[in-house]
Amino acid sequence: MKERVLILNQEQIQHKIKRIAYQVYESNIDEKEIILAGIAKKGYHLANHLKEALETISPLKIQLCEVHVNKKNPLEEITTSLEPKAYQDKSVILVDDVLNSGTTLIYGVRHFLNVPLKQFKTAVLVDRNHKKYPVKADFKGISLSTSLNELVEVSFEANNFKAELL
């Protein structure tokens with residue numbers, strides 16, 4: 001069994017979320033409303049924590065949207081918890097926990113290209129630098145150089161957030 005190495009603890013993750021929130025607010029200072037579109041499960045959890053942080057520092061109206069991507073078969077239809085009309089002509093930030101190869105993020109981006117948006121950005125907690133697609137994180141908590149056989153696992157358990165290298 002591989003040894004787990006703690007990359008970020010609860011306090012560090014909360015600090016990264018707060019810093020990302022300030023960057024998101026700064027890039028949307030003239031907006032009244034933004035959409036945080038979290039990739040289902042951990043990306044959505046991160047988007048929810050980001051929403052809470054943004055609400056404490058900004059007057060922005062923030063709508064959460066859950067994005068369902070089949071990570072094993074990303075060509076399957078991507079669905080969202082909001083109708084496309086809800087994010088049309090708005091600023092959207094696509095959020096995920098880890099940017100690894102870029103597959104999930106690029107297919108998530110592709111879904112939003114079917115709707116005219118005012119602005120589109122991406123946010124991740126951990127950027128692993130192993131991209132096979134030309135996708136980047138506009139907002140990131142940490143950049144991490146790892147080997148291809150290592151994994152990064154993020155957990156948002158109550159009062160025990162952590163990011164670990166496996």
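Colleague: How do the residues of the lining of the largest pocket divide into nonpolar, polar and charged?
Modeller: This is a predicted model, and its largest pocket is lined by 19 residues. Polar residues account for 5 of the lining and charged residues for 6. The nonpolar residues number 8.

Colleague: Which element gives the most to the lining of the largest pocket?
Modeller: At least two lining residues come from each of strand E5 (91-99), helix H4 (103-112) and strand E8. The residues nearest the pocket centre are Lys71, Val98, Asn100, Thr104 and Val152. With 4 residues, the element that gives the most is E5.

Colleague: How much space lies in the largest pocket?
Modeller: Rolling a probe the size of a water molecule over the atoms shows where empty space is left. For the largest pocket, the space comes to about 480 Å³.

Colleague: What is the order of the open sheet of 3 strands?
Modeller: The pairing in this sheet is antiparallel. Strand E1 (5-8) and strand E8 (152-157) are the edge strands, each pairing on one side only. E1 is joined to E9 by 3 bridges, and E8 pairs with strand E9 (residues 160-165) over 6 bridges. The order is E1-E9-E8.

Colleague: Which residue in E9 is the bridge partner of Val5?
Modeller: E1 and E9 run antiparallel. Val152 has Leu165 as its bridge partner in E9, while Val154 is partnered there by Ala163. For Val5, the partner in E9 is Leu165.

Colleague: Which residue in the turn between E8 and E9 has a positive phi?
Modeller: E8 and E9 form a hairpin, with 2 residues between the strands. The phi in question is about 55°, and the residue is Asn159.

Colleague: Which strands stand at the edges of the sheet of 6 strands, each with a single partner strand?
Modeller: This open sheet has mixed pairing and the order E4-E3-E2-E5-E6-E7. A strand at either edge has a single partner, so one side of each is left without a neighbour in the sheet. The edge strands are E4 (79-80) and E7 (139-143).

Colleague: How many bridges join E2 to E3, and do they run parallel or antiparallel?
Modeller: Strands of a sheet pair through backbone hydrogen bonds, either parallel or antiparallel. One bridge pair here is Glu33 with Lys61 in E3. Strand E2 (residues 33-39) and strand E3 (residues 61-68) are joined by 7 bridges and run parallel.

Colleague: At about what angle to E2 does H2 run?
Modeller: Helix H2 (residues 42-57) touches E8 and E9 of the 3-stranded sheet, making about 55° with the direction of E8. H2 also lies across E2, E3, E5 and E6. Its angle to E2 is about 155°.

Colleague: At about what angle to E7 does H1 run?
Modeller: Helix H1 (residues 10-27) lies across E1, E8 and E9, at about 95° to E9. H1 lies across E2, E5, strand E6 (119-127) and E7 as well. Relative to E7, H1 runs at about 145°.

Colleague: What radius of gyration does the chain have?
Modeller: The chain has 4 helices and 9 strands, and its C-alpha atoms fill a box of roughly 45 × 35 × 25 Å along the principal axes. A compact globule of 166 residues would have a radius of gyration near 15 Å. The chain agrees with that, because its radius of gyration is 15 Å.

Key
Residues numbered from 1 in each chain as written. Predicted model: local features only at pLDDT ≥ 70, side-chain atom pairs only at ≥ 80, totals over all residues. Heavy atoms only, no water. Pairing = 2+ DSSP bridges. Contact = heavy atoms within 4.5 Å. Axes fitted to C-alpha atoms, helices over the stretch in contact; angles between N-to-C directions. 1 Å grid on protein atoms, 1.4 Å probe; cavity = no way out; pocket = protein on both sides within 12 Å on 5 of 7 lines; lining within 4 Å. Points joined across faces, edges and corners; volume = space filled by probe spheres on them. Nonpolar A, V, L, I, M, F, W, Y, C, P; charged D, E, K, R; others polar. Rg over C-alpha atoms; globule rule 2.2 N^0.38 Å.
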